[in-house]
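Open the model in your viewer and keep the selection tool at hand. The tour starts at the ligand and moves on to the rings.

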Amino acid sequence: MRMFPTVPLIARVIEEDTVVGDYILPKGVTALVAPFAVHRDRRFFDNPDNFDPEHFSSENVNKRNPYAYIPFSAGPRNCIGQKFATMEQKLILGRFFRRYKVTAALHELENRGLPELILKPAKGFPVRIERRPE
Ligand code: HEM
């Protein structure tokens with residue numbers, strides 16, 4: 001969900017002139033927040049293009065801005081299913097990956113994600129699935 005966030009772009013209509021750093025976002029424009037870009041920003045994640053569970057060690061999480069990881073958005077309109085989806089992933093994917101090894105047939109550079117409503121690879125999900133030894 002960090003490297004390939006399901007929702008790669010979040011849109012908001014700006015209701016009043018808003019200052020963000022050196023910029024003014026005028027009332028009426030649509031602003032995009034891009035979890036995909038934020039999650040790959042080196043200011044927040046060392047080696048952002050590598051899968052590394054250490055990105056989520058307590059030490060690293062505690063020193064990072066909480067808005068640097070926003071797969072479920074943030075604020076008053078964030079995802080109401082976040083806790084359910086996270087628990088479901090831990091249970092179902094955890095069980096699945098203990099039994100099966102999944103290898104992508106195409107590297108992400110050969111199979112770019114398309115930023116549609118949800119992120120999906122241009123050439124689908126060609127994968128090889130092998131049962132792990134018991
Ligand atoms: C991995 C799974 C999921 C991801 C990554 C995800 C991500 C998101 C994101 C990023 C938003 C904000 C979209 C926006 O502001 O434009 C959102 C909103 C929402 N999600 Fe999820 N979601 C997931 C699963 C679920 C589930 C399981 C449910 C329901 C059981 C759910 C219900 C909703 C609802 C109702 C909203 C709209 C909340 C509002 O506008 O106040 N989501 N989700």
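Start with the shell around the ligand: nine nonpolar, five polar and two charged residues. Here Ala, Val, Leu, Ile, Met, Phe, Trp, Tyr, Cys and Pro count as nonpolar, Asp, Glu, Lys and Arg as charged, and the others, Gly among them, as polar. This is a predicted model: local features need pLDDT of at least 70, side-chain atom pairs pLDDT 80 or more, while totals for chains, interfaces and linings use all residues. Residues are numbered from 1 along each chain, and side-chain values use heavy atoms, without hydrogens or water.

Select the 16 residues that surround the ligand, each with a heavy atom within 4 Å of it. Arg12, Phe72, Arg77, Cys79 and Gln89 are the closest. Helix 3 gives the largest share, three residues.

Next, pick the iron atom of the ligand. Cys79 (SG) is its only protein donor, at 2.3 Å; donors are N, O and S atoms within 2.8 Å of the metal (3.2 Å for Na, K and Ca), and water is not among the atoms, so sites may look incomplete. Cys79 is in the loop between helix 2 (58–63) and helix 3 (82–99). Helices are DSSP runs (H or I, at least four residues), strands likewise (E, at least two), numbered from the N terminus.

Now show Arg12 and Arg77. A polar side-chain atom of Arg12 lies 2.7 Å from an oxygen atom of the ligand. For Arg77, a polar side-chain atom also lies 2.7 Å from an oxygen atom of the ligand.

Last stop: select Arg2. Arg2 lies over the face of Phe45, 5.0 Å from the ring centre (CZ of Arg or NZ of Lys within 6 Å of the centre and within 35 degrees of the ring normal).

Key. Polar contact = N/O pair within 3.5 Å; in protein donor to acceptor, adjacent residues only side chain to side chain.
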